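Q: Could you walk me through reading a strand and a cavity in a model like this one?
A: Happily; let's look at it together.

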Amino acid sequence: MEVKGVAVKTIPKYISLKYPEIYDAWMTELDPEVRRHFIGSIYASRWYDADKFVREPVIKAASIAYIAPEDLAWDMGEFSAEDALNGIYRFFLRFGGPVNMIKQTPFFLENYYKPSNVRLEVLDEDKKYAELVFYDFLAANDVVMYRIAGWGHYTLLVSGAKEANFRLEPAGHKDSKLIIEWA
């Protein structure tokens, strides 16, 4: 699996801002190629290996900081969304509202992850409930899924939801379901 550089470039920024006390030790632990890119530059439009540039850096940082990898990945996802969604993007999210944002999720994920096979299976606007199913993508307990969920959580709140609850569930070996409820 590959991930777009725009999602990768927030990882070293996040660690340097949120966990500056572990930054140097974390950088030392990274794969030399990853460290070189994190210190040099990550190109927003380029594709990067998700294992090397997302999963492993998150797991290493969580280990050094004594944090559950899933919690760190979720927080990184929210940070990434906050970093990316400023100015005019924030206006369009608010304009469309939570339902529109959820409907656009498969499109967003296609632009950030490949291969990406995500479908909106259930959307009940009255009950404010949705299920997104990720087919042949990642297991529900994968840190990349938690990062995606954190990104979605922040984005749903910015789009106008007062509250948002996200729950990841397994839906097969490499299938996951993201259940979203909002108010």
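Q: Is strand β7 (residues 176-182) largely enclosed or open, and why?
A: First, a note on the model: it is predicted, local features need pLDDT of at least 70, side-chain atom pairs count only at pLDDT 80 or more, and totals for chains, interfaces and linings use all residues. Residues are numbered from 1 along each chain as its sequence is written, and side-chain values use heavy atoms, without hydrogens and water. Buried means under 20% relative accessible area (1.4 Å probe, protein chains only), and strands are DSSP E runs of at least two residues, numbered from the N terminus. Five of the seven residues of β7 are buried, so the strand is largely enclosed by the rest of the structure.

Q: Which strand joins β7 through seven bridges?
A: Strands pair if DSSP finds at least two bridges between them. β6 (residues 164-170) runs antiparallel to β7 with seven bridges, and proline 170 has serine 176 as its partner. In their hairpin, with five residues between the strands, glycine 172 has a positive phi near 140 degrees. β5 (residues 129-134) is also antiparallel to β7, over six bridges; there leucine 132 partners leucine 178.

Q: How do I find empty space, and how much lies in the largest cavity?
A: Rolling a probe the size of a water molecule over the atoms shows where empty space is left. The largest cavity holds about 210 Å³. Among its 16 lining residues, Phe108, Leu109, Ile148, Trp151 and Gly152 are the closest to the centre.

Q: Which element gives the largest share of that lining?
A: α7 does, with five residues.

Methods. Buried < 20%, exposed > 50% of the residue type's maximum accessible area, 1.4 Å probe, protein only. Helix = DSSP H or I, 4+ residues; strand = E, 2+ residues; numbered from the N terminus. 1 Å grid on protein atoms, 1.4 Å probe; cavity = no way out; pocket = protein on both sides within 12 Å on 5 of 7 lines; lining within 4 Å. Points joined across faces, edges and corners; volume = space filled by probe spheres on them.
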